[in-house]
Amino acid sequence: MLSREDNELITRVGEGTPLGDLFRRYWLPALLSEELKPGGAPVPVKLLGERLVAYRNKEGKIGLLGEFCPHRGTSLTLGRNDDCGLTCIYHGWAFDTDGSCTNMPSEPDFSRFKERIKNKSYPVHEAGGIAWTYMGDPALQPPPPNFIWTSLPETHRMVAKVYQECNFMQIWENEIDYMHAAFAHLALKEQDMKEGALSTALGINPSHPLVTSRNPLLSVQPTTYGFRNMFVGQADTSEDADQFILDAPIVMPSFAFTPRMPEEDHLFHAYVPIDDTTTWSYDVHFTLDRPLNHETQRERRGLWVDENYRKIYNRENNYKQDRSLMDSGNFSGILGISNQDHAVTESMGPIVDRSKEHLGTSDVGVIALRRMVLQSIKMLQRGELPPALDPSIPMDKIYSEGVIAPRGIPWKEACPLNPAFSPVKTDKPVTN
């Protein structure tokens, strides 16, 4: 249970809110790079409650500007992408990628009025198929995003985004929740898994340790980027089974690496608030040592979207839930492991009232996540640096790597934290 006051703190992201201020200290995905063509149509973008517009000029540089022309407020999503920049169709005022006014044909030639006009603009950095932006104080801008997957070739990476009709926090909490895998993602029969896949569109095999582990140990380990979310179960159902250990890095302000074993593909999530009640969810499937099977990952996700990245299977059609499928197919009656996640999180409503919930022993990670966000807000208010913002953190070395280990070995020894991410200072070298 969370107080209503704290529930407001961890869900409201508008300008001037404590959480909104926190988000504005980080680089955030603004849109996919593929959405913008040189000299092409501008794209409306809404982040943290702010209405913006993105365009790629003819030289290929991206601008992220305030949506409305400073002249009379016409939307620049209607604008011309021409040699002057993004040009308002109302009176021809034009703005370059930095927001400077480059043309004002409605004024006399001798006028210097345009020199005093500047549209809101935010910096953009392209990495990993995503156009990222920083919306905070320029003097406090952290290094651009540099995750382990951002420099991979497209053959080893698949980037997708999808619109979710709920607050970002309940989506992020679902990411933390190990125990839902044994129910929401449970397939009722064994399936042949394709290379690198944890599941099929039906779900996770009933023999998988995530499902069969009896009373797994759930724990968290603080790090400089957030925390590691840990699962310690049994590798099989025998009495002397080895330990099955999963670690999932949870990264501020709203990112996560999905737990995996070495033979499985990697998966990174970013949950970016559009506003208080809607979210852009970014999924990045990737491999480090071989090409990624894009089709396998598309099928298991089960998220088919329209031209606006909105789901074809959604609340209006009950996510295409098939109750006959519950008899012999899967627990939920819904196809697609990501589609299953969207169904349960969106069905909670736009913003969950956490003052009415009843948490159990399996909610260790959820509780830790909320505490981390609340503590990060307080750190920012005290003038301290919240997690993941220290430029010395080797962000490109964060990834999930589960292990099988003999019984009796402490999980911190069997699956140790890279010393580079320990909140306790150490002289040990950074390892890969």
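Reader: What makes β2 and strand β3 (residues 50–56) count as paired, and in which sense do they pair?

Author: β2 and β3 are linked in the antiparallel sense over five bridges, and because two strands pair if DSSP finds at least two bridges between them, the criterion is met. One such bridge joins K46 to R51 in β3. The names follow DSSP runs, numbered from the N terminus, a helix being H or I over at least four residues and a strand being E over at least two. This is a predicted model, in which local features need pLDDT of at least 70 and side-chain atom pairs count only at pLDDT 80 or more, while totals for chains, interfaces and linings use all residues. Residues are numbered from 1 along each chain as its sequence is written, and side-chain values use heavy atoms, with hydrogens and water left out.

Reader: Why do β2 and β9 stand at the edges of their sheet?

Author: The open sheet of four strands runs β2-β3-β4-β9 with antiparallel pairing. β2 (43–47) and β9 (121–122) each have a single partner strand, so one side of each lacks a neighbour in the sheet.

Reader: How do you know whether R301 is buried or exposed?

Author: R301, which is found in helix α5, has a relative accessible area of 6%. Buried means under 20%, exposed over 50% and partly exposed in between, with a 1.4 Å probe and protein chains only, so R301 is buried. Leaving aside neighbours within four places in sequence, R301 is in contact (heavy atoms within 4.5 Å) with residues including M158, A160, D283 and H285.

Reader: What makes a space a cavity and not a pocket, and how many cavities of 30 Å³ or more does the structure hold?

Author: On a 1 Å grid over the protein atoms alone, a cavity is a set of points where a 1.4 Å probe fits but cannot get out, whereas a pocket is an open set with protein on both sides within 12 Å along at least five of seven lines. The structure holds two cavities of 30 Å³ or more. The largest cavity has a volume of about 600 Å³, a volume being the space filled by probe spheres set on the points, which are joined across faces, edges and corners. Of the 40 residues lining the largest cavity (an atom within 4 Å of a point), E175, T258, L267, H269 and D341 are the closest to its centre. The second largest cavity holds about 60 Å³ of space.

Reader: Which element gives the most to the lining of the largest pocket?

Author: The largest pocket has a volume of about 500 Å³, and β12 gives the most to its lining, with six residues.
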